[in-house]
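Reader: Hi! Could you walk me through this one while I look at it?

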Amino acid sequence: MTEPQMRSSGRHMRNRVVKSARNKWIAMCMALCMVIVLGFGYAITMRWQSNLHTGTLNSSDYNGIESGALDILIIGSDTRQGANGDYGDENDRASAARSDVMMLLQISKDKKNVNVLSIPRDLIVTIPKCHGDDGVDYPEEENMINESLSHGGPGCTVATVSKLTGVQIDHFMLVDFNAVKALSNVVGGVEVCVDEAIDDPSSGLDIPAGTSSVQGEQALAFLRSRHGFGDGSDIGRIQAQQSFLASLLRKVKAEGTLSNPGKLINIANAVTENTTVDKDLANVSTLVSVGSTLSGVDLKNVVFATVPTEPWVQDANRLQVTKDADAVFKRLQDDKSLKVDPAEEAAAAPAAPAVTLDKSVAVTVTNASGVSGRAQAISSVVSNAGYENVTPMNGVELIAKSTVFYADGYEAEARDIAAKMNITNVLPLQGIAGVAVTVGTDFTEGEALPKQEAEIAGSASGQTADQVKCQHASIFG
């Protein structure tokens with residue numbers, strides 16, 4: 001089991017001869033103060049320890065690869081029981097908890113890089129056989145990954161994510177709604193940005209266009225809102241969550257919160273009262289050590305990313321991983337940053353053979369952005385690149401991420417077209433003739449997407465913690 005290394009430092013003291021009564025009193029007072037401080041620290045630690053609930057780390061027999069990094073699975077529970085009863089009806093309160101948010105936090109062995117990989121709750125995966133904390137044996141099944149929590153607790157979610165990514169997970173933290181509210185209140189609010197006002201009755205999010213500071217109920221609503229961002233999918237919500245966490249990390253780092261014992265006490269109180277962890281993480285000094293480690297990492301080396309996905313073949317309302325996800329998982333297994341330097345990758349890659357492009361290939365451009373006129377605008381970009389047979393079309397369904405699909409034999413043309421617009425998602429697709437460009441909700445204006453100076457492995461979407469991003473309000477209004 002990998003645990004963050006902790007060092008304690010103190011002043012070396014030598015016994016000295018006390019030469020006066022005054023010095024005796026000073027020495028006694030100092031000793032008394034030390035006893036009080038140490039006693040207070042012990043009491044605080046014991047209170048934190050008693051706040052924490054514990055559960056089995058992994059309730060299956062699948063462990064994954066030990067990379068040397070520290071891997072912690074953060075699970076946001078959607079339970080409506082107990083203090084969370086206000087967030088649902090009687091049916092919600094009676095149902096089993098599911099994992100509303102899943103983020104795999106990886107701190108590199110050298111403490112220089114942090115990866116935070118978000119996993120969509122609608123992702124179809126194989127949930128392994130689990131022996132739950134409730135004493136029930138659950139069979140292996142194919143289902144949405146958020147159902148794994150109902151298979152006897154977080155230990156089954158750990159096993160499921162470990163099986164998906166191939167990474168051995170060292171710890172988990174299961175947090176509920178109240179943890180988010182308490183933490184946002186402790187730090188005095190978190191700054192977020194949206195391009196248009198959002199009023200989402202489902203989550204309660206109600207914020208104006210531009211930059212706002214959210215805390216308490218509004219902070220929770222920002223993280224929970226599914227209909228407020230982009231195309232209303234879980235991918236849009238994940239992007240908002242990543243932006244929120246990046247902003248939170250910028251704030252606490254700028255204010256020195258993670259290295260300030262007094263402020264850490266307040267954060268620890270907020271977190272531990274609403275958190276379940278594995279037994280080995282139920283040690284407050286370990287939690288504080290994780291916070292201290294995070295405080296020393298450069299924000300540009302903290303990478304938030306989302307597992308690359310596509311619609312599930314059996315149900316377009318569900319997701320499955322793409323082949324690009326393998327590149328993401330491999331970097332986690334090898335304890336490498338998910339941020340990839342394109343120049344380094346290009347230098348390491350073998351030179352590609354020269355290819356003659358067939359610019360007479362049929363190219364369709366489908367508008368799935370929700371903004372009228374985008375098919376015609378992007379068709380012009382493709383035509384200006386020399387392609388002769390370009391047809392604009394309007395899509396029926398909205399797609400979150402712009403993608404270029406290609407038929408067998410036309411990958412080179414697809415990648416050439418994608419490069420003209422900085423589209424990173426390029427995939428094969430059976431049943432089409434030539435190349436098909438789908439303009440998603442991430443590409444509602446301009447002739448090219450913003451080019452990332454540093455890309456994320458597997459062309460995954462995401463950001464680094466030093467980037468300030470404004471979220472797109474829902475196209476549904």
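Author: Happy to; we can talk about cavities, a helix pair and some backbone angles. Keep in mind that this is a predicted model.

Reader: Good to know. How many cavities of 30 Å³ or more does a search of the whole structure find?

Author: That search finds two. The largest holds about 1200 Å³ of space, and the second largest has a volume of about 40 Å³.

Reader: Let's take the largest cavity. Which residues lie nearest its centre?

Author: Those are Ile74, Leu183, Leu245, Leu248 and Val271, out of 44 residues that line the largest cavity.

Reader: And how does that lining divide into nonpolar, polar and charged?

Author: For the largest cavity, 35 lining residues are nonpolar, six are polar and three are charged.

Reader: Which helix gives the largest share of that lining?

Author: Helix α6, residues 234-254, with six residues.

Reader: Okay, now the second largest cavity. What lines it?

Author: Its lining is made up of Asp100, Val101, Met102, Ser118, Ile119, Pro120, Arg121, Asp234, Arg237, Ile238 and Gln241. Five of the lining residues are nonpolar, two are polar and four are charged.

Reader: Which elements supply at least two residues each there?

Author: Strand β3 (99-107) and α6 both do. The largest share, four residues, comes from α6. So α6 gives the largest share of the lining in the largest cavity and again in the second largest.Reader: Nice. Changing topic: how do α4 and α5 cross?

Author: Two packed helices are described by the angle between their axes and the distance between the axes. Here the axes of α4 (residues 177-186) and α5 (residues 217-224) come within 8 Å and cross at roughly 125°. That makes α4 oblique to α5.

Reader: Is that crossing left-handed or right-handed?

Author: The crossing of α4 and α5 is right-handed.

Reader: Last topic, the backbone. What is phi of Asp335 near?

Author: Phi of Asp335 is near 55°, which is positive in a residue other than glycine. Asp335 sits in the loop that runs between α9 (325-333) and β18 (339-340).

Reader: And what about phi of Ser459?

Author: Ser459 is not a glycine either, and its phi is positive, about 55°. This residue belongs to the loop between β24 (455-456) and β25 (462-464).

Reader: Is Ser459 buried, partly exposed or exposed?

Author: Ser459 is partly exposed, because its relative accessible area is 26%, and that class runs from 20% to 50%.

Note on methods:
Residues are numbered from 1 along each chain as its sequence is written. This is a predicted model: local features need pLDDT of at least 70, side-chain atom pairs count only at pLDDT 80 or more; totals for chains, interfaces and linings use all residues. Side-chain values use heavy atoms; hydrogens and water are left out. Buried means under 20% relative accessible area, exposed over 50%, partly exposed in between (1.4 Å probe, protein chains only). On a 1 Å grid over the protein atoms alone, a cavity is a set of points where a 1.4 Å probe fits but cannot get out, and a pocket is an open set with protein on both sides within 12 Å along at least five of seven lines; lining residues have an atom within 4 Å of a point. Grid points are joined across faces, edges and corners, and a volume is the space filled by probe spheres set on the points. Ala, Val, Leu, Ile, Met, Phe, Trp, Tyr, Cys and Pro count as nonpolar, Asp, Glu, Lys and Arg as charged, and the others, Gly among them, as polar. Axes are lines fitted to C-alpha atoms, for helices over the stretch in contact, and angles run from 0 to 180 degrees between N-to-C directions. Angles under 35 degrees count as roughly parallel, over 145 as roughly antiparallel, 65 to 115 as roughly perpendicular and the rest as oblique. A crossing is left-handed if the near helix is turned anticlockwise from the far one by less than a right angle, and right-handed if clockwise.
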